[in-house]
Amino acid sequence: TTFRRTLPAAVPGVTFLSGGQSEEEASINLNAINVYANKCAEKRPWKLSFSYGRALQYSTIMAWQGKDENIKAAQDVLLNRAKANWAASQAKFAASGAGAAQDSLFVANH
């Protein structure tokens, strides 16, 4: 309702920051936004999403650890996170509850 009253329809999208959430939390919340948005799609002319920086990178970096022998594993983790967030953007995400994606990315006094 607030967006419909204050945000022009010409604005292509609204992007929220995922800061402080775990990767999994950010995906769950993006999914929830899109589940809700799909219920009232005719009233919502904009795309709703998160700005995923750390929420895509963290588990990838943890898998890689700067070692050449971990590159393939890190690529696989990144692909899994990208697929999870694609599913969340379509309101089709199912949380896995496993791995570094669960780690909080909150940084106190940041």
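Visitor: How many helices and strands does the protein have?

Guide: This is a predicted model. The protein has four helices and two strands. Read from the N terminus, the elements run α-β-α-β-α-α.

Visitor: What share of the residues is buried?

Guide: Of the 110 residues in the protein, 30% are buried. The protein exposes about 7,000 Å². Carbon and sulfur atoms supply 58% of that area.

Visitor: And the contacts: what part comes from residues 24 or more positions apart?

Guide: Take the contacts with a separation of 6 or more. Residues 24 or more positions apart account for 75% of them.

Visitor: Let's turn to a helix. What span should H2 have?

Guide: Count 1.5 Å a residue. The 17 residues of H2 should then span 24 Å. The end C-alpha atoms of H2 are 25 Å apart, which agrees. H4 can be read the same way: 19 residues, 27 Å from first C-alpha to last, close to the 27 Å expected.

Visitor: Which residues of H2 are buried?

Guide: Start with the general idea. An α-helix has 3.6 residues a turn, so residues three or four places apart point the same way. Now the case here. Glu23, Glu24, Ala26, Ser27, Leu30, Asn31, Asn34 and Ala37 are buried in H2. Seen down the helix axis, these buried residues fall within an arc of 160°, so they line one face of H2. Tyr36 and Lys39 are exposed on the other side of H2.

Visitor: Take asparagine 31 in H2. Why does it count as buried?

Guide: The cut-off is under 20% relative accessible area. Asparagine 31 has 11%, so it counts as buried. What does it touch? Leaving aside neighbours within four places in sequence, asparagine 31 is in contact with Ala87, Ala88, Ala91, Lys92 and Phe93. One of these, alanine 91, sits just after H4 and takes a positive phi of about 60°.

Visitor: Which residues form the largest nonpolar core?

Guide: That core has eight residues: Ala26, Leu30, Phe50, Tyr52, Ala84, Ala87, Ala88 and Phe93. H2 and H4 are the elements that give two or more residues to this core. H4 gives the most, with three. Look also at phenylalanine 50. Its contacts, not counting residues up to four places away, include Ala26, Leu30 and Ile33.

Visitor: How many salt bridges does the structure hold?

Guide: The structure holds three. Glutamate 23 forms one with arginine 81, the closest N and O atoms being 3.8 Å apart. That pair links distant parts of the chain, with glutamate 23 in H2 and arginine 81 in H4, 58 residues apart. Arginine 81 also meets glutamate 24 in a salt bridge, at 3.8 Å from N to O. Here the two residues are 57 apart along the chain. Glu23, Glu24 and Arg81 are thus linked in a network of salt bridges.

Visitor: Are glutamate 24 and arginine 81 buried or exposed?

Guide: Glutamate 24 is buried, with a relative accessible area of 2%. Arginine 81 is buried too, at 7%. Glutamate 23 is also buried.

Visitor: Which residues make the remaining bridge?

Guide: Lysine 72 and aspartate 76 meet at 2.7 Å, N to O. Both lie in H4, four residues apart, about one turn of the helix. Lysine 72 is exposed, at 55% relative accessible area. Aspartate 76 counts as partly exposed, at 32%.

Technical notes
Residues are numbered from 1 along each chain as its sequence is written. This is a predicted model: local features need pLDDT of at least 70, side-chain atom pairs count only at pLDDT 80 or more; totals for chains, interfaces and linings use all residues. Side-chain values use heavy atoms; hydrogens and water are left out. Buried means under 20% relative accessible area, exposed over 50%, partly exposed in between (1.4 Å probe, protein chains only). Contact means heavy atoms within 4.5 Å. The expected span of a helix is 1.5 Å times one less than its number of residues. The arc is that of the directions from the helix axis to the C-beta atoms. A nonpolar core is a set of buried Ala, Val, Leu, Ile, Met, Phe, Trp, Tyr and Cys residues joined through side-chain atoms within 4.5 Å. Accessible areas come from the Shrake-Rupley method with a 1.4 Å probe; for residues, only the protein chains shown count as cover. A salt bridge is a side-chain nitrogen of Lys or Arg within 4 Å of a carboxyl oxygen of Asp or Glu.
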